[in-house]
Amino acid sequence: MTSHVRGVIARSKGEPVEVTTVLVPNPGPGEALVAVQACGVCHTDLHYREGGIGEDFPYLLGHEAAGVVEAVGDGVTSVAPGDFVILNWRAVCGECRACRRGRPWYCFATYNARQKMTLEDGTVLSPALGIGAFVDKTLVAAGQCTKVDPAVPPEVAGLLGCGVMAGLGAAINTAPVTRGDSVAVIGCGGVGDAAILGARLAGARTIIGVDIDPRKLEWARQFGATHVINSRETDPVERIQELTGGNGADVVIEAIGRPETYLQAFYARDLAGTVVLVGVPTPDMRLEAPLLDFFGRGGALKSSWYGDCLPERDFPMLTDLYLQGRLPLEKFVSETIALDQVESAFAKMERGEVLRSVVKL
Ligand code: APR
Ligand code: ZN
Ligand code: ZN
C-alpha cells in the first residue's frame, strides 16, 4: 500500500520550499520504509534548492535523519521493523573497486538512482543525497539504515547522518588526530565544531579554532578549543605557529571550502603534519600557490569525504559515546522546528545564527 505523507520539496530553482503531499510506495527487494523522527537542516539542502547540485527538480529535501524502520522488502536481513536507525548517504557496497581494495570509505556505490517517491500527480521526486527525509516516511536502500541504541534522542542521532559526522570524521578518521597532537580548525561552523570535538575525543593537546565571527569562536571554545583566533584581526598562520612552538600544527582542518583558507591551512601546518580539506569548494574555485612550496613543505594533504566514515562502524560507536556523556552532540541542536519551518531555518543558517535547526516529525 502506498503511504500519503507530508514532505518538503524544492519545486524549482531558487523558489521557497513547500510542504506538500508525497506518495511513498511500500519497500521493494533490498529496501526499507522508515518513519522519520528527526532531520537536520543542512547547507546541502539549500544548495539543492538553489540548483547548485543538479537540475533534477523537484527535490525531496532532507538527508540528516534518524527514525524507526516501519517495513522492509524481500531479502532484507540487516534491519527489521521497529529498529531505530540513522540514515546514511553512502552505504558501503562491499563489491566495488574501493571496497575490494579494503578502502570502503571510498566506496563508489550510490543509491541516488532510487527515485520511487512521487507527488500526487505522479511527478517523480529526486531525494536529496539519495535519502529525502523532510517527510513523515521515506523509502531508502536497507544499507542506508544503520541501527543504533534507541536511547539516543532522534534529533541528536540524526546529526551523525551528515555534517557532524563529516567534521568528527575529518579529525578521527581522515587526519587521524592522535593523543598529544596540536590541531587547528579553520571555520568553526557545525562541521568545524564537530572537528574540534573529534580532536578533543582523540586526545589532542592543543586545539585552535579559527573564524571571522566572534560568536562562532565562543561556540568553538564550548566544543573544546583551547585557543581561538579571529582571522579578521590576527594573521592565523603566524598565530598558529606561535601557539605551536614556531612549527605549525600537526593537523590543520579546513572546514569552509575556500582557496584562501585552504592556503592558510597549508602554511599553518607543521612540515611533517597533515592538512585535511572537509569544506566543500564550488566548481569555479582555483588554488594558486608556488608549486615549490608543495614540494618543499612535505607533509600530507588529504580530503575527507563524509568524514571517511563507515556508518556501521562509526554511528553505533559515536552514539554509545554520547550516551556515556563523552560526546556532547546535543550542543549542535540550536533549535527543533516543525516541517513547515524549513524555509525560515535556511534564513537563520545563512545569517549564521544556528549550528543546526532540526525538524522533529
Ligand atoms: N575565514 C575564517 N572563517 C570563515 C571564513 C574565512 N574567510 N569564511 C567563513 N568562515 C566561517 C564562518 O563564519 C562559519 O563559522 O566558516 C564557518 C562555516 O560554517 P557554516 O557556514 O556553518 O558551514 P558548515 O555547516 O560548518 O559547513 C562547512 O563543510 O561540509 C562542508 O558544505 C559544507 O563547505 C561547507 C563546510
Ligand atoms: Zn548535509
Ligand atoms: Zn563499494
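In this predicted model, the four donor atoms around the zinc ion (ligand 3) subtend angles of 105 to 118 degrees, and the arrangement is therefore tetrahedral. For this assignment, all angles between four donors have to lie between 85 and 135 degrees. The donors are the SG atoms of Cys93, Cys96, Cys99 and Cys107, which coordinate the zinc ion (ligand 3) at 2.3 to 2.4 Å. Along the chain, these donor residues follow the spacing C-x2-C-x2-C-x7-C. Two of the cysteines, cysteine 99 and cysteine 107, are buried.

A second zinc ion (ligand 2) has as its protein donors Cys42 through SG, His63 through NE2 and Cys162 through SG. These donors lie 2.0 to 2.2 Å from the zinc ion (ligand 2). Their spacing in sequence is C-x20-H-x98-C. The two cysteines of this site bring together distant parts of the chain, being 120 residues apart. Cysteine 42 belongs to the loop between β3 (31–40) and α1 (43–49), whereas cysteine 162 belongs to the loop between α3 (154–157) and α4 (163–174). Buried residues are those under 20% relative accessible area. Cysteine 42 counts as buried because its relative accessibility is 5%. Cysteine 162 also counts as buried, because its relative accessibility is 7%.

Helix α4 is largely enclosed by the rest of the structure, because 11 of its 12 residues are buried. The buried residues of α4 are Gly163, Val164, Met165, Ala166, Gly167, Leu168, Gly169, Ala170, Ala171, Ile172 and Thr174.

The strands form both parallel and antiparallel pairs. In general, the strands of a sheet pair through backbone hydrogen bonds, in either of these two senses. One open sheet is made of six strands with parallel pairing, in the order β13-β12-β11-β14-β15-β16. Its edges are formed by β13 (227–230) and β16 (300–303); each has a single partner strand, so one side of each is left without a neighbour in the sheet. From one strand to the next, the twist averages 15 degrees. The partner of edge strand β13 is β12 (residues 206–211), and the two pair in the parallel sense over four bridges. Within this pair, glycine 209 has valine 228 in β13 as its bridge partner.

Antiparallel pairing is found in another group of strands. Strand β1 (residues 3–10) is joined to strand β2 (residues 18–24) by seven bridges, and the two run antiparallel. Here histidine 4 has leucine 23 in β2 as its bridge partner. Strand β2 also pairs with strand β7 (residues 118–119), in the antiparallel sense and over two bridges. In that pairing, valine 22 is matched with leucine 119 in β7.

Ligand 1 has 17 residues around it, of which Gly190, Val191, Asp211, Ile256 and Val280 come nearest. Several of these residues place polar atoms close to oxygen atoms of the ligand. A polar backbone atom of glycine 190 is 3.1 Å from an oxygen atom of ligand 1. For isoleucine 256, a backbone N or O atom lies 3.0 Å from an oxygen atom of ligand 1. Aspartate 211 contributes through its side chain, in which an N or O atom is 2.6 Å from an oxygen atom of ligand 1.

Three loops contain notable backbone geometry. In the loop between α1 and β4 (59–60) lies proline 58. The peptide bond joining phenylalanine 57 and proline 58 is cis, with omega at about -5 degrees. Leucine 129 lies in the loop between β8 (126–127) and β9 (137–141). Its phi is near 50 degrees, a positive value in a residue other than glycine. Leucine 129 is buried, with a relative accessible area of 15%. Aspartate 308, in the loop between β16 and α10 (311–323), also has a positive phi, of about 45 degrees, although it is not a glycine. With a relative accessible area of 6%, aspartate 308 is buried.

Key:
Residues numbered from 1 in each chain as written. Chains lettered and ligands numbered in written order. Predicted model: local features only at pLDDT ≥ 70, side-chain atom pairs only at ≥ 80, totals over all residues. Heavy atoms only, no water. Donors = N, O, S within 2.8 Å, 3.2 Å for Na, K, Ca; no water. Buried < 20%, exposed > 50% of the residue type's maximum accessible area, 1.4 Å probe, protein only. Tetrahedral: all angles 85-135°; square planar, octahedral: opposite > 155°, others 65-115°. Pairing = 2+ DSSP bridges. Axes fitted to C-alpha atoms, helices over the stretch in contact; angles between N-to-C directions. Near = heavy atom within 4 Å. Polar contact = N/O pair within 3.5 Å; in protein donor to acceptor, adjacent residues only side chain to side chain.
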